[in-house]
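Here are my notes on the model you sent over, written up as numbered points. I'd suggest keeping the viewer open while you go through them.

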Amino acid sequence: MATMKEITYAQAINDAMCEEMQRDENVFMMGEDIAEYCGAFGVSRGMLEKFGKDRIMNTPISEQAYVGAGIGAAMAGMRPIVELMFSDFMCVCFDELVNEAPKMRFMFGGKVKVPMVMRTAAGAGTGAAAQHSQSLEACLAHFPGLKVVIPSTPYDAKGLLKTAIRDDNPVMFLEQKTLYRTKGMVPEEEYTIPLGVADVKREGTDCSIITYGRMVQMSLQAAEKLAEEGIHVEVVDIRSLVPLDTKTIVESVKKTHRALIVHEAVQFGGFGGEIAGQIADSDAFYYLDAPIRRLGALSCPIPFNPNLERETFPTVDKIIAQVKSLL
Amino acid sequence: MSVKTAKNSAKAGEGTEISRELLLKMWENMNLARNFEEHVQWLFSKGLVHGTTHLGIGEEATAAGTIAALKPQDYVFGTHRGHSQAICKGISVNNMMAEILARETGVCKGKGGSMHIADPDIHYFGADGILGASAVMCNGTALAIKKRGEKDRISLVFFGDGTSNEGATWEAMNLAAVWQLPTLFVCVNNTYGMSTPIAQAMHDTDISKRAYPFDMPARSIDGNNVLEVYRTIKEAREYVASGKGPMLVVENTYRISGHSKSDGNLYRTKEEIESWKKKCPIKAFRKYLVENGIATEQELDDMAQAAANAIDAAEEYAKSCPEPSVDDLLNDVYA
């Protein structure tokens, strides 16, 4: 049994980057205010002292310039980690993320690789309102050539990020800003987690909740409460949207006969529709005892007022109500 | 905009130490590029090619002079009007023609087409269909050079006058300057962004001034004079490779061909086009080579004919190759 230690989600990300930078001199990091300031969420704390300013590079506020430079450096054989302060800012460099990074290899006949990780802080719950709180992962999952990872625990964050840094493709690593200070157990020894393998965070028999990111903890809380009423929910954390572990999802639904998909992103047009489609397309369809149900954010820009903000997103109570409606 | 005449341009080559071999290489490349593009234009007009293409007939001196002044290890990012850049960087016309005819042996396996011709194996990161993107990515290869401490290597990006107005281009110039990257920005100013003349798209049409806020040296030169281009880029390369930071060179030229196959030339006069045909960079270079005793008319004719033959052969080669297998469709989406 591995020796475990308790660390935060932010520290797990920091540890993953430090280990990979020590392991491979081609790995470096750039982004806005990541050096002395340690990033808007303090994720790169201590890294400037450890690796120096040539590997922990503050950039101008020029998302196209430094995300583009990350792509170019990756094409030249480096392994850049690019930190985008808020995931909403991806809209400023959408060309680089959509038209460049995922297409170079295919468009150029397979002769180039783009081993870049774009890390960014996603999600609401901090009172940052409409332009600093979104969950835009469905957009990224829509572009073949990108991989999209959203970890929900310190353990997953560390293991998945190390794999992402070693991956030869552009990986979009969407961190959950309200999880940065949450703690969890992580092995002292080195480990990695493959991309595209879902994790059943809680086993159950009555209904599957398929979820990811911040909603994993919320779904587990809902499952705990439902268990008190004798309802046994299985919580499947997909961990990566691309590649998607359809097999684990399908097996879970075949076991529980019910599927509720929960995510923080706007429900309409969200990634839950894809998961629902994967279930409907599979033989799990024949096992369903209820319609496939989705629960995501309401269709509105994210409001500032804390009560309004909370009500925009799934809550434990809303998850419980949805599960019950399927039984 | 100050574009020197062909007569002045010929003088610009004097006094430079350029070997006969290199001069004739530039002649060959310009002829290959011109023949390639005229051939592609003809194939399109016959409906033998699908998709679209962006030709740069009349701009050959910019690619030939620029790339002749580089070293093989240099990274080059081209433009979507980049056939001549690709040829000069060293992609075989056979594999280029095969790409345009969407064959398996195309340099991008038939998956890129005219707008994405590239060959990372020879450090040519090719044509990009989104303007401004090449400039920001070019800083990335420059950053890799700097991080590895490679002393005799630079990263060069070609971009057009239209792209000089893209925010990404400005961001790229700023980043290259603040990080002192070995990036050489080469603006091929052909005076039109598709149909819009530069005076409608920028208040001051001297693009070289755009280097000033970044404290970058800049030169604005006659892009139809291949020797002036060569000499300027050679100096610029030395400057950039020495670690002093980026530089901007504006190569002023003119696109004789239309923007793309859909261009009806409604935005310019026949007289204007004819006046630029008289300033054809290939004609000007021929005059220089003959007057300076570097080659005879006959020798130049023979080389031009050989270039035309090579393009004919490229078409034959491409047509003899199979189209990519549908089995290959999903390959290379991920590494």
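1. Start with the spacing of the two domains in chain A: the C-alpha centres of domain 1 and domain 2 lie 26 Å apart. Bear in mind throughout that this is a predicted model.

2. As for where the cuts fall, the domain assignment of chain A puts domain 1 at 4-187 and domain 2 at 199-326.

3. The two domains of chain A do touch: 23 residues of domain 1 are in contact with 24 residues of domain 2. On the domain 1 side, at least two residues each are supplied by α6 (137-141), β6 (147-149) and α7 (154-166) of chain A.

4. What is that domain 1 side of chain A made of, in terms of nonpolar, polar and charged residues? The residues touching domain 2 of chain A split into 12 nonpolar, eight polar and three charged.

5. Over to chain B, which has 12 helices and eight strands. Its radius of gyration is 19 Å, close to the 20 Å that the globule rule gives for 335 residues, so chain B is as compact as a globular protein of that length.

6. If you want outer dimensions, the C-alpha atoms of chain B fill a box of roughly 50 × 50 × 40 Å along the principal axes.

7. Two more numbers on how chain B is put together. Buried residues make up 54% of its 335. Take the contacts in chain B between residues at least 6 apart in sequence, and 76% of them join residues at least 24 apart.

Definitions and conventions:
Residues are numbered from 1 along each chain as its sequence is written. Chains are lettered from A and ligands numbered from 1 in the order in which they are written. This is a predicted model: local features need pLDDT of at least 70, side-chain atom pairs count only at pLDDT 80 or more; totals for chains, interfaces and linings use all residues. Domain bounds come from an automatic or database domain assignment. Two residues are in contact if their C-beta atoms, placed from the backbone, lie within 7 Å. Helices (H or I, at least four residues) and strands (E, at least two) are DSSP runs, numbered from the N terminus. Ala, Val, Leu, Ile, Met, Phe, Trp, Tyr, Cys and Pro count as nonpolar, Asp, Glu, Lys and Arg as charged, and the others, Gly among them, as polar. The radius of gyration is taken over C-alpha atoms; the globule rule is 2.2 Å times the number of residues to the power 0.38. A residue is buried if 20 or more other C-beta atoms lie within 10 Å of its own, exposed if 12 or fewer, and partly exposed in between; C-beta atoms are placed from the backbone.
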